[in-house]
Each structure stands twice: as C-alpha cells, then as structure tokens.
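Q: Please explain how the surroundings of a bound ligand and the unusual backbone features of a model may be read.

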Amino acid sequence: MKFNTKVIHGGQHHDPSTGAVMPPVYQTSTFVQTSPGQPLNPDYEYSRAANPTRTALENALASIENGTRGLAFSSGLAATDCVLRSFKAGDEVIAMDDLYGGTYRMFTRIYKDSGIKFHFVDMNDLAKFESLINANTKMVWVETPTNPLMKLADIAEIAKITKKHNVLFAVDNTFATPYLQKPLDLGADIVMHSATKYLGGHSDVIAGALIVKDAALGDQLHFQQFATGATLGPQDSFLVLRGIKTLHLRVQRHCENGVKIAEFLMNHPKVERVYYPGLASHPFHEIAKKQMIGGFGGMVTFTFKSGKKEDAIAFLEKVKVFTLAESLGGVESLANHPALMTHASIPEDKRKEIGITDDLVRLSVGVEDAEDLIEDLKQALA
Ligand code: P1T
C-alpha cells in the first residue's frame with residue numbers, strides 16, 4: 001500500500017459488530033469477562049492496557065511510519081517519558097543540542113536525580129558524537145528538523161553509528177511527519193511524535209506516539225505504557241485517527257505555503273535570517289533533500305535585522321491571520337516567541353549558546369491561502 005492509501009486504510013478494518021466505517025469511540029473503562037481472567041474478547045480487559053479505538057489509531061500509526069507496533073499516549077512528553085523509563089542509573093543518553101523546550105526540561109530536570117547521564121551534542125559533528133559513545137550509552141535522541149532552529153540530523157548516518165555500537169536510536173519526527181520522512185526506514189529504532197501537532201492536525205487534542213519495528217522493543221514499551229498509565233483515551237484516539245486521514249493533503253499544502261512564506265521573509269528588509277530547510281541557503285539543505293521526501297514542511301523561523309526583542313514582540317502582537325500561541329502543525333497558522341514561550345524552560349545562557357535569541361520568531365504555517373498569510377506578515381512587519 002502506498003502512503004496516501006495507508007493514511008486512510010492502514011491497519012484499519014470496519015467495526016466487526018456494526019460495520020461502522022470509522023471505528024466507534026469505545027468510551028468504556030472496562031470489558032466483560034465470562035469467567036475470572038477470561039475476557040469475552042481476549043484483546044480487551046481494561047482500557048489502560050488496550051481500548052479498540054486506541055488500537056485502531058495505534059495500527060494506523062504503525063502503518064504510516066512503516067513500523068510493526070504503534071503506541072498512543074496522553075501527550076508527546078508522555079511518549080518520551082515512556083522511552084526514558086527503560087533506563088537506569090549509570091546509563092547514558094546522547095541528545096541533540098536543539099530540542100523542544102519541554103523535552104530538554106524533562107531530560108535535565110525530571111531525570112536530574114535518576115543517575116541517567118545526558119549529553120547534548122551537535123549531531124552534525126559525527127566523529128565527536130561517536131567519540132562520546134561508551135559502554136554505558138543506551139540511546140541517541142534527535143529531533144529533525146529541530147524545534148525551533150530547524151537544524152537537521154542525518155538519520156541514515158547516525159543509524160550506521162548507533163547500529164555499530166548497539167545503541168538505541170530514537171527520532172522525534174514531529175516536525176517532518178511520516179509524509180516527508182520515515183526514520184525507521186532510514187535505520188532508527190524508535191519514532192516519537194507529538195501527535196498534538198501534524199498527526200492530529202486541528203489543534204484540538206494533546207497526544208503522543210511511539211512507533212517501532214522490533215517486536216520485542218514494542219512489547220517492552222507497551223509494558224511501560226500500560227504499567228505507568230499515560231495512555232490516550234478513546235475520544236482523543238478517534239480525533240488523532242481522523243486527523244491522520246488527511247495528513248498527506250494537509251502536509252502538502254503546509255509545504256507549499258512554507259516555501260512561499262520563507263521566500264517572502266528572505267526578501268523582507270526587516271528580516272535578518274530565515275531558518276527553513278527548503279531554502280538553498282539553509283546550512284542543512286543537502287541533508288533535507290536527502291531524507292525529506294516531497295517537501296520541507298510548514299515550520300519557518302526567522303530573526304530581525306535589528307536583533308531587538310521589542311521588534312519580535314511588536315510583530316507578534318500585530319499578526320491577525322496568524323495566531324499568537326504555543327503549539328504547531330494545525331490547519332491554522334500560529335506564531336510563537338520561543339524564548340518567552342515554548343523554550344522558556346531552557347536557561348537563558350544555554351538558549352543564547354544554541355541560537356534561540358530574543359528576536360527569534362517561529363511560525364507554524366497553516367493551510368490558509370498563502371496570499372492572506374503574506375499580507376498579514378507584511379502588515380505585522382510594517
Ligand atoms: O506537547 P506534547 O504533545 O507533550 O509534545 C511535546 C513535544 C515533543 N516534541 C516536539 C518536537 C514538540 O514540538 C513538542 C511540543 N511542542 C510545542 C508545544 C511547541 O509549541 O513547540
């Protein structure tokens with residue numbers, strides 16, 4: 001099955017009891033047993049462990065990422081937390097040096113006293129990255145493209161190294177989506193999503209996902225998932241599943257609009273730098289061309305010539321079609337100030353070091369008419 005068919009049919013079947021085309025929202029916490037320990041349907045006994053609406057979503061997730069097992073969580077961070085729970089004191093994790101602020105906060109604060117050591121590195125210096133791997137290294141974690149600086153990591157090259165050293169490799173595929181990038185095909189072991197974003201696609205649900213190819217790893221993560229409990233409820237599972245059915249159409253338009261907005265900003269006299277992997281001037285454009293198929297996404301970040309925080313704030317207070325809000329990946333365009341909003345949990349010196357300056361603005365370009373978006377940017381930059 002090809003991707004555009006998979007988003008609609010992958011892992012799906014009509015409801016066996018009613019023939020419903022969409023899986024019903026099985027709004028139930030528990031399932032009947034005919035004798036103690038013998039559920040009527042052996043797959044379902046309690047919804048924290050499994051629920052048919054969530055199963056439908058998890059099967060769709062596995063299908064669109066070319067995995068064998070999908071797991072749906074109550075948030076993207078709950079999915080990340082599930083992966084980290086596999087490790088113990090003394091283990092080491094190597095992470096990319098540009099991550100969503102909440103992921104960085106989890107690694108540096110929630111797991112601070114766990115005894116797990118986190119290294120934050122430039123994943124484009126492959127020799128330096130490899131030199132950090134030792135007998136305690138258990139996992140490599142990257143986002144690509146990163147939030148908010150749109151850096152890229154070469155998934156296939158990193159996978160060669162992690163395979164050589166027998167280290168797990170996890171990729172946060174939130175920004176790219178499986179429409180543009182398939183980390184499991186490129187050698188990653190785990191794909192993670194904030195399904196709140198493009199998979200859900202309508203800014204109406206908080207959800208997370210993990211997808212793997214290896215069955216034993218899938219079982220291990222599923223055990224962590226149901227034994228700790230951050231599973232996705234049936235109503236939210238339905239919403240994400242519905243969102244996935246138009247993923248290909250939406251991301252195509254996000255990409256078209258993303259290019260137009262990036263080019264408009266590039267040519268605007270008040271704009272200093274535009275971070276968009278589709279621009280030939282982007283430092284990681286060659287990696288983007290290699291591993292992102294069919295487009296470069298809808299996330300565009302930029303800075304002001306003045307370098308002033310006040311200019312970024314004035315712009316964000318003036319936008320009308322873009323909405324000033326955290327999050328991304330929905331049909332509507334959003335604008336965000338990473339330093340004050342999504343990445344405020346990263347200490348100021350660290351933010352400055354990696355390039356999240358106070359004049360940096362991140363746009364999640366939606367699927368509206370590009371001309372309206374450009375008019376809005378024009379008036380807000382004036
Ligand atoms: O918000 P949640 O569903 O828990 O997902 C966390 C997360 C993980 N990975 C990436 C790349 C993300 O962008 C996010 C959430 N990001 C935002 C809310 C934001 O506005 O950047």
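Q: Which domains contribute residues to the shell around the ligand?
A: In this predicted model, domain 1 (3-244) and domain 2 (248-381) each provide at least three residues of that shell. Among secondary structure elements, α3 (76-84) and β8 (190-194) each contribute at least two.

Q: How many residues surround the ligand, and which are the closest?
A: A residue belongs to the surroundings if one of its heavy atoms lies within 4 Å of the ligand. Here there are 18 such residues, with N147, D172, T196, S327 and R362 the closest. By character, the shell comprises five nonpolar, eight polar and five charged residues.

Q: Which polar atoms approach the ligand, and how much of its area does the protein cover?
A: A pair of N or O atoms is read as a polar contact when the two lie within 3.5 Å. A polar side-chain atom of D172 is 2.6 Å from a ligand nitrogen atom. Backbone N or O atoms face ligand oxygen atoms at 2.7 Å for S327 and at 2.9 Å for L77. Of the 480 Å² of accessible area that the ligand has on its own, the protein covers 94%. The ligand sits in the second largest pocket.

Q: Where are cis peptide bonds found?
A: Omega identifies them: the bond joining T144 and P145 is cis, with omega about -10°, and the bond from N147 to P148 is cis, with omega near 10°. P145 lies in the loop between β6 (137-143) and α6 (155-164), and P148 lies in the loop between β6 and α6.

Q: Which residue has a positive phi although it is not a glycine?
A: This is N66, with phi of about 55°, in the loop between α2 (52-64) and β3 (69-73).

Methods:
Residues numbered from 1 in each chain as written. Predicted model: local features only at pLDDT ≥ 70, side-chain atom pairs only at ≥ 80, totals over all residues. Heavy atoms only, no water. Polar contact = N/O pair within 3.5 Å; in protein donor to acceptor, adjacent residues only side chain to side chain. Areas by Shrake-Rupley, 256 points an atom, 1.4 Å probe, with all protein chains shown as cover. 1 Å grid on protein atoms, 1.4 Å probe; cavity = no way out; pocket = protein on both sides within 12 Å on 5 of 7 lines; lining within 4 Å. Sits in = over half its atoms within 2 Å of the grid points. Helix = DSSP H or I, 4+ residues; strand = E, 2+ residues; numbered from the N terminus. Nonpolar A, V, L, I, M, F, W, Y, C, P; charged D, E, K, R; others polar. Domains from an automatic or database assignment.
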